[in-house]
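Notebook open, viewer open. I'm going through this one piece by piece and jotting down what I look up.

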Amino acid sequence: MRKLMMVVALAVVLVPLLAAAALAAEGQLIQCRNVLPCTGSMGDDKILERIGDEKDDRIIVRGGRDLVLANKYTADTDVVSGGGGSDRINVADGDKLDTANGGNGGDICIVDARREAGTSCASVDVQRP
Ligand SMILES: [Ca+2]
Ligand SMILES: [Ca+2]
Ligand SMILES: [Ca+2]
């Protein structure tokens with residue numbers, strides 16, 4: 001009986017620990033495809049916008065300290081919404097059509113023009129061509 005109690009107690013302690021480990025999973029490299037919105041995981045992700053110019057992206061970051069690169073392809077209206085954690089959101093792709101929203105956490109927004117930065121960017125880095 002005592003042994004059984006030990007096993008149960010151990011399980012009670014271990015299960016949440018394992019669950020926590022699973023939640024703090026490694027971030028992923030996410031290449032957005034033609035399914036919108038493109039969403040991140042709860043880990044520290046690196047999220048890349050869809051390949052090709054003139055593709056309007058909608059990217060939702062979720063948790064973790066993420067890096068969003070929507071700066072590779074231009075002439076598109078990219079809308080990025082950050083999650084918790086300090087994210088780095090880059091929409092400096094040469095057009096002034098995008099929106100970078102940081103969400104909670106001290107986010108860095110890299111933009112072509114000030115108006116591309118949403119209200120929740122802790123710091124705004126305006127790139128000049
Ligand atoms: Ca882009
Ligand atoms: Ca753009
Ligand atoms: Ca831009």
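**Strand pairing, first pass**

I started with strand 7 (residues 88-90), which runs parallel to strand 9 and is joined to it by 3 bridges. Looking for a specific pair, I found Ile-89 with Cys-109 in strand 9 as its bridge partner. A reminder to self before going on: this is a predicted model.

From strand 9 I went over to strand 10 (residues 123-126), where 4 bridges join the two strands, again running parallel. Ile-110 stands opposite Asp-125 in strand 10.

Next I wanted the whole sheet. Which strand order does it have? It is an open sheet of 6 strands in the order 1-3-5-7-9-10, with parallel pairing. Strand 1 and strand 10 are at the edges; each has a single partner strand, so one side of each has no neighbour in the sheet. I also looked up the twist: on average, neighbouring strands of this sheet are turned by 10° against each other, ignoring direction.

**The other sheet**

I then pulled up an open sheet of 4 strands, with parallel pairing and the order 2-4-6-8. Its edge strands are strand 2 and strand 8 (99-101), and each of these pairs on one side only. Strand 2 and strand 4 run parallel and are joined by 2 bridges. For Cys-38 the bridge partner is Ile-59, in strand 4.

A general note for the margin: strands of a sheet pair through backbone hydrogen bonds, either parallel or antiparallel.

**Whole chain**

How many helices and strands are there? I count 1 helix and 10 strands in the protein chain. Reading from the N terminus, the elements go α-β-β-β-β-β-β-β-β-β-β.

Then overall dimensions. The radius of gyration of the protein chain is 19 Å, while a compact globule of 129 residues would be near 14 Å. Along the principal axes, the C-alpha atoms fill a box of roughly 70 × 30 × 15 Å. Of the contacts with a separation of 6 or more, 7% are between residues 24 or more positions apart. Buried residues come to 33% of the 129 in the protein chain.

**Core**

I asked which residues touch the most other members of the largest nonpolar core. They are Ile-59, Val-80, Val-91 and Ala-100, out of 18 residues in that core. Strand 3 and strand 9 (108-111) are the elements that give two or more residues to this core. Strand 9 supplies the largest share, 3 residues.

Ile-59 had already come up as the bridge partner of Cys-38, so I listed its contacts as well. Leaving out residues up to four places away in sequence, Ile-59 touches Cys-32, Pro-37, Cys-38, Ile-47, Glu-49, Val-68, Ala-70 and Val-80.

**Backbone oddities**

In general, most residues other than glycine have a negative phi, and most peptide bonds are trans. With that in mind, I went hunting for exceptions.

Where is there a cis peptide bond? One joins Leu-36 and Pro-37, with omega at about -5°. Pro-37 sits in the loop between strand 1 (29-31) and strand 2 (38-39), and it is one of the residues that Ile-59 touches.

Glu-54 is not a glycine, yet has a positive phi of about 60°. I placed Glu-54 in the loop between strand 3 (46-48) and strand 4 (58-60). Is Glu-54 buried or exposed? Exposed: Glu-54 has 10 other C-beta atoms within 10 Å, and the cut-off for exposed is 12 or fewer.

Ala-75 also has a positive phi of about 60°, and is not a glycine either. Ala-75 is in the loop between strand 5 (67-69) and strand 6 (79-81). Ala-75 counts as partly exposed because 13 other C-beta atoms lie within 10 Å, which is over the 12 allowed for exposed and under the 20 needed for buried.

**Lys-72**

Last stop: Lys-72, in the loop between strand 5 and strand 6. Lys-72 counts as partly exposed, with 13 C-beta neighbours inside 10 Å. What does Lys-72 touch, not counting residues up to four places away in sequence? I get Glu-49 and Asp-93. Glu-49 is also among the residues that Ile-59 touches.

I checked one distance too: from Lys-72 to Gly-83 is 11 residues in sequence and 22 Å in space, C-alpha to C-alpha.

Terms used: Residues are numbered from 1 along each chain as its sequence is written. Chains are lettered from A and ligands numbered from 1 in the order in which they are written. This is a predicted model: local features need pLDDT of at least 70, side-chain atom pairs count only at pLDDT 80 or more; totals for chains, interfaces and linings use all residues. A nonpolar core is a set of buried Ala, Val, Leu, Ile, Met, Phe, Trp, Tyr and Cys residues joined through C-beta atoms within 7 Å. Two residues are in contact if their C-beta atoms, placed from the backbone, lie within 7 Å. The radius of gyration is taken over C-alpha atoms; the globule rule is 2.2 Å times the number of residues to the power 0.38. Two strands pair if DSSP finds at least two bridges between them. Axes are lines fitted to C-alpha atoms, for helices over the stretch in contact, and angles run from 0 to 180 degrees between N-to-C directions.
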